[in-house]
Amino acid sequence: MARSNILNELTATSLRDKVYELMAQLPNNKVTTYGDLAAMAGYPYAARIVGGIAHNGALDLPWHRLVNAKGGLAVGFPGGQEAQKQLLEQDGIFCDAQWRIIDFEERRWKPV
DNA sequence: CGAGTGACCGCAA
DNA sequence: ATTGCGGCCACTC
């Protein structure tokens, strides 16, 4: 039983807090999508909110590891996709000329 | 408190 | 394959 129940102990009153927790436990060598993150929070169709949270939530969370369902880098990322690409490379993640995460399906973070 | 907006997603032509 | 449209919920102003 270990700490795989992190989500269960979350008493997040808002989706935002949940997203933060999820991002906090997101491995540095993996990526996730807005949709998956929202789905984990309990709202499969709340992908937009996750994006809004990322936009407004200027915390120290690794938002650059967030990509869209197509495995592509975010369009509205501050600094552009090139900036996000650089950040991803720092974490050992690479993407092609189409701004797509390489081996995206394998890099996709899978909750325990 | 009310209205608008959004770093998205999925489906249809 | 690409382009366009609507919809979902929460957050901000």
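Helix H4 supplies the largest share of the surface near DNA strand C, with three residues. This is a predicted model. H2 joins H4 here, and each gives at least two residues to that surface. The residues around DNA strand C are Ser14, Leu15, Arg16, Tyr43, Tyr45, Arg48, Ile49 and Asn56. Of the atoms of DNA strand C that come within 4 Å of the protein, sugar and phosphate account for 53%. By class, the surface near DNA strand C has four nonpolar residues, two polar and two charged.

Two contacts reach the bases of DNA strand C. A polar side-chain atom of Arg48 sits 3.2 Å from a base oxygen. A polar backbone atom of Tyr45 is 3.4 Å from a base oxygen of DNA strand C.

Now turn to DNA strand B. Here 13 residues surround the strand. Arg48, Ala54, His55, Asn68 and Ala69 are the closest. Sugar and phosphate make up 41% of the atoms of DNA strand B that come within 4 Å of the protein. Arg48 appears again: a polar atom of its side chain lies 2.8 Å from a base nitrogen of DNA strand B. Ala54 uses its backbone, with a polar atom 2.8 Å from a base nitrogen of the strand. His55 meets the phosphate instead, with a polar side-chain atom 2.9 Å from a phosphate oxygen of DNA strand B. Helix H3 (34–41) and helix H4 (47–56) are the elements that give two or more residues to the surface near DNA strand B. H4 gives the most, six residues. In this surface, seven residues are nonpolar, five are polar and one is charged.

Next come the aromatic rings. A pair of rings is described by the distance of the centres and the angle of the planes. The count of aromatic pairs comes to one. The ring centres of Tyr20 and Trp63 are 6.1 Å apart and the planes stand at 65°, so the pair is edge-to-face. Tyr20 belongs to helix H2 (residues 15–24), while Trp63 is in the loop between H4 and strand E2 (66–67), so the pair ties together parts 43 residues apart in sequence. Both Tyr20 and Trp63 are buried.

The loop between H4 and E2 also holds His64. Is His64 buried or exposed? The cut-off for buried is under 20% relative accessible area. His64 has 14% relative accessibility, so His64 counts as buried. Its side chain makes a polar contact of 2.8 Å with the side chain of Asp91. Leaving out residues up to four places away in sequence, His64 touches Phe77, Gln84, Leu87, Leu88 and Asp91.

Last, the charged pairs. Side chains of opposite charge can pair when their charged atoms come close. The structure holds four salt bridges. One of them joins the side chains of Asp36 and Arg108, at 2.8 Å from N to O. This pair links distant parts of the chain: Asp36 is in helix H3, Arg108 is in the segment after helix H6 (104–107), and 72 residues separate them. Asp36 is partly exposed at 24% relative accessibility. Arg108 is partly exposed too, with a relative accessible area of 24%.

Arg108 also meets Glu105 in a salt bridge of 3.5 Å, N to O. Glu105 counts as exposed, at 54% relative accessibility. Through shared partners, salt bridges join Asp36, Glu105 and Arg108 into one network. Another salt bridge pairs Arg100 with Asp96, where the closest N and O atoms are 3.6 Å apart. Arg100 is partly exposed at 43%, and Asp96 is partly exposed at 24%.

Terms used
Residues numbered from 1 in each chain as written. Chains lettered and ligands numbered in written order. Predicted model: local features only at pLDDT ≥ 70, side-chain atom pairs only at ≥ 80, totals over all residues. Heavy atoms only, no water. Near = heavy atom within 4 Å. Polar contact = N/O pair within 3.5 Å; in protein donor to acceptor, adjacent residues only side chain to side chain. Helix = DSSP H or I, 4+ residues; strand = E, 2+ residues; numbered from the N terminus. Nonpolar A, V, L, I, M, F, W, Y, C, P; charged D, E, K, R; others polar. Phe/Tyr/Trp six-rings, centres within 6.5 Å; stacked < 30°, edge-to-face > 60°. Buried < 20%, exposed > 50% of the residue type's maximum accessible area, 1.4 Å probe, protein only. Contact = heavy atoms within 4.5 Å.
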